[in-house]
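Let's take a walk through this structure together, starting from one spot in a loop and working outward. Keep the 3D view open as you read.

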Amino acid sequence: MSPTATFAAAPAAAPAVDPGAELDDRDFVLPAAGLDDDQRLRALDTVDEYLTRKRRHLMGYQATQDIQGTALDLARFMPNNINNLGDPFQSGGYKPNTKVIERSVLDYYAKLWHAERPHDPADPESYWGYMLSMGSTEGNMYALWNARDYLSGKALIQPPAAPFDALRYVQAAPDRDNPNAHRPVAFYSEDTHYSFAKAVRVLGVETFHAVGLEKYADECPLVDPATGRREWPTEVPSAPGPSGRSWDGPGEIDVDALAVLVEFFAAKGHPVFVNLNLGSTFKGAHDDVRRVCERLLPIFERHGLVRREVVHGKDPRTGEPLVDVRRGFWIHVDGALGAGYAPFLRMAAQDPDAYGWAPEVELPEFDFGIRLPTAELGDVDMVSSIAMSGHKWPGAPWPCGIYMTKVKYQISPPSQPDYIGAPDTTFAGSRNGFSPLVLWDHLSRHSYQDQVDRIRGAQELAGYLEGRLRTMERELGVELWPARTPGAVTVRFRQPSPELVAKWSLSSQDVLMVPGDESTRRSYVHVFVMPSVDREKLDALLAELAEDRVILAGPSL
């Protein structure tokens, strides 16, 4: 080394990465010759940095990011192509599957949701279900498909009461006394997840809005509070808030409006499909499933929907009608978020001494355990199906979930391919065999007490965030519009700058305070306090909100 040599200067610090920066498509172009190892690893490092950064700041969506333990324990299964092809209760011909794990997870939730278990194909009252390869969009779509075919008289897994055990039928015979007997109508609220609007289009399920416009254009039984006119709403209205409109309401379905609409269509002879939400998309609201059931059951009784006979031809031996007895209504619970934690909230509310916590709100019953008395048939079970997203509350690295119904509601699959070795009773066919491993691993790690503690922590942090936002309003003299539906794990407030929205992955939604008046538009965002969100993250967001240029400038109204 020469006398004048010096130590090399330390490398310059890497430039700071914009927390809201997105990946650049140009970094991932795949040339015909492929990439060398340096190029490939550099691209993967870029993805790793991006996902790590986004994971640490994600707060606007119903997605648990606290799943690092999953990678440590379950990476050993990645060399396998695991496919839970076909029905989960039959192994089938594709043996690299995890159906035994899937059944354990299904049994776990069947117990939580008060379904009759274990699954028994010979028992119409026992549960049936499967793990979804999509999230609750697949579960909701399957529910609509299941309900559409059941209510319109399509074939069931359980054969009708007939002398031929192998009897199957495709479509019920027309009811000459009721032309609407096999034309079901769907009802869901304005706070329902957008997947329902998509699913009814894909499946050709008719909504009350579409049928109302087509057949009963001038007969809408509801009065639009904004216009004073009788116009068919697109969805069932949500419950009003202090303003008298739904924009500042809790996000729950308006039970009175639902009852009026259902009465109208049931009186016209239509079977009825009702979707209820447990943890709605933006406000995190929980529809009062029990109250809805109590309001609707007398309507179903009055119009013969609790027990009705579906005729599907004649017995070729006797000439007598072949009759299948089934319901004329279907109540589905979209528990994408809430079905994962609601059972533990109810446990704590019913026995606070045992679990060391009394929740601020006791959620009503929402599951297969709801049974209500009828004059002629005794107790009737009310809920027909439930969907849940596994990547939301329990947490998983990819979308997954659960669909659950009862054996007595199962429809026959459209085809029976011999080569898979198991009935193709699911929506997806090929299904992700890793998802059962992930959920099983989570459930094995957490006792009921642990699960109660997780939802307790989320609810307490949601209350903390709401309180801090209200304090910030007073101290800074700004408008933040903070709001939280009681019992929800989400808090909504005024939309900040695009930079903060991008950095924290905040979901946004615009609301017209006065329907039809664009000058009253408000832009909201929300934070979902999932188990991966802690006080440190909330405090960091709050500190940035306090200095945000859009927040300090005040609303545009």
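Find Thr 485 first: this residue sits in the loop that links H13 and E11. Keep in mind that you're looking at a predicted model. Is Thr 485 buried or exposed? With a relative accessible area of 2%, Thr 485 falls under the 20% cut-off, so it counts as buried. And what does Thr 485 touch, once you set aside its neighbours within four places in sequence? Its contacts are Pro 250, Lys 283, Ala 285 and Arg 492.

Now follow the chain on from that loop into the sheet. Here three strands form an open sheet in the order E11-E13-E12, and the pairing is antiparallel. Strand E11 (490-494) and strand E12 (507-512) are at the edges with a single partner strand each, so each has one side without a neighbour in the sheet. Going from one strand to the next, the twist averages 35°.

Look a little harder at how E11 meets strand E13 (residues 521-528): the two run antiparallel and are joined by 5 bridges. If you want a pair to click on, try Arg 494, whose bridge partner in E13 is Tyr 524. On the other side of the loop we started from is helix H13 (residues 448-476), which lies across E11 and E13 and runs at about 20° to E11.

Next, the nonpolar interior. In soluble globular proteins, nonpolar side chains tend to be buried together. The largest nonpolar core in this model has 76 residues, and Trp 113, Phe 187, Phe 300 and Met 382 have the most contacts inside it. Helix H7 (residues 255-267) supplies the largest share of this core, 9 residues. Take Phe 300 as a way in: leaving out neighbours within four places in sequence, Phe 300 contacts Val 262, Val 272, Leu 305, Val 306, Phe 329, Ile 331 and Met 382.

There's also a second, separate core, made of 25 residues, with Trp 128, Tyr 142, Leu 144 and Ile 411 among them. While you're looking at that part of the sequence, check out strand E1 (residues 127-132), which is mostly covered: 6 of its 6 residues are buried. What does E1 pair with? Its antiparallel partner is strand E10 (residues 401-406), and 6 bridges join the two. For one of the matched positions, go to Leu 132, whose bridge partner in E10 is Gly 401.

How values were computed. Residues numbered from 1 in each chain as written. Predicted model: local features only at pLDDT ≥ 70, side-chain atom pairs only at ≥ 80, totals over all residues. Heavy atoms only, no water. Pairing = 2+ DSSP bridges. Helix = DSSP H or I, 4+ residues; strand = E, 2+ residues; numbered from the N terminus. Axes fitted to C-alpha atoms, helices over the stretch in contact; angles between N-to-C directions. Contact = heavy atoms within 4.5 Å. Core = buried A, V, L, I, M, F, W, Y, C linked by side-chain atoms within 4.5 Å. Buried < 20%, exposed > 50% of the residue type's maximum accessible area, 1.4 Å probe, protein only.
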